[in-house]
Each structure stands twice: as structure tokens, then as C-alpha cells.
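Here are my notes on the structure you sent. They are numbered so that you can reply point by point.

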Amino acid sequence: MSTDINECEYGNKPCSQSCINQLGTYQCSCYTGFKLGPDGVSCAACEKPYYGENCENICQCSSHGSCDTVRGCVCDESWTGDNCELDVNECAQPNSCPEGFVCKNKIGSFSCVCPDGYKLDNGACLDINECTDIFSNTTCDRLVEVCINTVGSYSCSCKKGFARNAQSVCEDINECELKVDKCEQICDNKPGSFNCLCQQGFYLSDDRWSCVKVKDPCVGQTLNCSYGCGVDADNVATCYCPRGFQLKGTDLCQGMFKIYLK
């Protein structure tokens, strides 16, 4: 009876890398990343783009990686997938950007930018005051609205004397019609405001809403003015004339050719 000889008993001989004993013979094989030579015993490293067992696979890394003869495609930092064909969303990773910044994913890359309503200033995102930056505040109607800055944004509020209508447009509040003016006699509505007026024979007091009756400076005086009675700089009652006339005496207005009589 014959006995099998284990040719692989002494290391890997006669193979250059791996040797597998078989009944009456042996078989050589190579490590991953190598290919068995025509002699059946020697191994040669895979030539790119080939890789893997006996160099049977081909690298197709989509220009986003390099070929490793053992592992295949080794993707660049921003790519993944068997063929490096998938973009890595760096923004899905925690702490991709410093605090205060927003991560914006790009194909093959990403960037850290300031949120809307902020601007980059010396490496930090600072709030934009849209109310002082005319290029940022583009929605407030400066004729009827005022801008109110908020952190990261702003809002538009109706000016005093205006209110939003059903269409959300600021329109004038007619204080006179709403009876909120407090005017004692006459209310005169203005865009965004109103004025108090008085009837003839009255004047508006310092409080700007009540009316005071005008005092006739000639009442109780001995003057008998032919045209009108007023007071002089010393607050003394005196007669006065229309244009083109002058006083004759204390109470009679006289022109060049006629006398103005009461």
C-alpha cells in the first residue's frame, strides 16, 4: 500500500505563498491581492485596476478614490460606496460645524455658514440688524410701518395712528370717526394722526384739545372803533384799520379819499 507524501509539510514549499496538500499532489494559491503565475507555484501582485482573490475584480472608483489591490476602492474623505459613487453627507454627523454655524452639504464637500439673519464677523456669526441695513430689510413699508429687529430676523409693525386691515396692510386710523380724539369742538383727521380745532371765536388751549372763548378786548372800553378793536404791544385796547386806511383820532379809519365808517 502506497503512502501519500505531504509536499506542503515544510512551510509553503514548493509554493511561493500558500500550499494545499492533496492526495498524491498539492495545489498552490496566493494571498488576496496576488495572482497565481503560469508556473502554478509563483505569485505576482495584482496590477491596477485589478484587485482581490487572484486579481479577479476590477476597481471602478468613479474618480473619487484609489484602488487597493487587496480591498478594492479606497474612497476619498467625502465619498463612500463600493465604487465611491455615493456622496457623504457630512452634515448628518454631529458637530460638523462650530456652534452658531449651519452646515450646508455639497456634492463631495460641505461648508459651514451663518444662519439667515446673521453675518460672519471676525470668525463668529453675529445678528444682522435689518432695521439699519436697507439691503436686508426689504419688506417694511417705511411710509406706514416701522421695523423691529429680533435675534436672527425682524418684523414690521404699523406706525402710530395706523392699523392692519383684513388684507394685513397698515391703513390710517380715523380717530375722529372712532371718537377717540378727545377734541372738545372739531376733529381734523390726518394720515397717522389728527388735529383738534376750535370754532370761530375760540382758540385752542395748551392741552391741544380743549377750546377757550376769545375775549373781546374792547368790551367795557370807551372806544367806538369804526373797523376793529385789538390790543397793542402793551396789551392795551386800541382800534385798528384795514390796509390802505389809517386812524383819524382814536376810532375812525380814514383813507386817501374816503373815510371808513361803521
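1. Where does S226 lie? In this predicted model, S226 is found in the loop between strand 22 and strand 23. Its relative accessible area is 7%, so S226 is buried. The side chain of S226 reaches the backbone nitrogen of C253, at a distance of 3.0 Å.

2. Confidence comes next. The mean pLDDT of the protein chain is 87, and 96% of the residues score at least 70. Among the elements of the chain, the highest mean, 95, belongs to strand 18 (residues 170-172), and the lowest, 48, to strand 27 (residues 259-260). Where pLDDT is low, the predicted coordinates should not be read in detail. Please bear that in mind for strand 27, with its mean of 48.

3. The loop that holds S226 also contributes to an aromatic pair through Y227. One such pair turns up in a search of the whole structure. It consists of Y227 and Y240; the ring centres are 5.8 Å apart and the planes stand at 80 degrees, so the arrangement is edge-to-face. Y227 belongs to the loop between strand 22 (211-213) and strand 23 (228-231), while Y240 belongs to strand 24 (residues 237-240), so the pair ties together parts that are 13 residues apart in sequence.

4. Are the two tyrosines of that pair buried or exposed? Neither label fits: Y227 has 40% relative accessibility and so counts as partly exposed, and Y240, at 43%, also counts as partly exposed. For reference, buried means under 20% relative accessible area and exposed means over 50%.

5. A disulfide joins the same two elements as the tyrosine pair. C225 is bonded to C239, with an S to S distance of 1.8 Å. The angle about the S-S bond is -85 degrees, and the link is left-handed. C225 lies in the loop between strand 22 and strand 23 and C239 in strand 24, so this pair links distant parts of the chain, 14 residues apart. Both C225 and C239 are buried, whereas Y227 is partly exposed.

6. How many disulfides does the structure hold? There are 18. One of them is formed by C8 and C19, whose sulfur atoms are 1.7 Å apart. The link of C8 and C19 is left-handed, with -60 degrees about the S-S bond. C8 sits in the segment before strand 1 (18-22) and C19 in strand 1, which puts the two cysteines 11 residues apart. C8 has 12% relative accessibility and so counts as buried; C19, with a relative accessible area of 19%, is buried as well.

7. C59 and C67 form another disulfide, with their sulfur atoms 2.0 Å apart. What is the handedness of the link of C59 and C67? The link is right-handed, with 65 degrees about the S-S bond. Both cysteines are buried: C59 has a relative accessible area of 10%, and C67 has one of 14%.

8. C55 is placed in the loop between strand 5 (50-51) and strand 6 (57-58). Its relative accessibility is 10%, so C55 counts as buried. Leaving aside neighbours within four places in sequence, C55 is in contact with G33, F34, K35, C46 and Y50. N122 is another matter: the C-alpha atoms of C55 and N122 are separated by 54 Å, with the two residues 67 apart along the chain.

9. S205 occupies the loop between strand 21 (202-204) and strand 22. At 13% relative accessibility, S205 counts as buried. Its side chain makes a polar contact of 2.5 Å with the side chain of D207. Outside its neighbours within four places in sequence, S205 is in contact with S210 and V212.

10. Finally, a lysine and a ring. What lies over the face of F202? K213 does, at 5.5 Å from the ring centre.

Technical notes
Residues numbered from 1 in each chain as written. Heavy atoms only, no water. Phe/Tyr/Trp six-rings, centres within 6.5 Å; stacked < 30°, edge-to-face > 60°. Helix = DSSP H or I, 4+ residues; strand = E, 2+ residues; numbered from the N terminus. Buried < 20%, exposed > 50% of the residue type's maximum accessible area, 1.4 Å probe, protein only. Lys NZ or Arg CZ within 6 Å of the ring centre and 35° of its normal. Disulfide = S-S within 2.5 Å. pLDDT = per-residue confidence, 0-100. Polar contact = N/O pair within 3.5 Å; in protein donor to acceptor, adjacent residues only side chain to side chain. Contact = heavy atoms within 4.5 Å.
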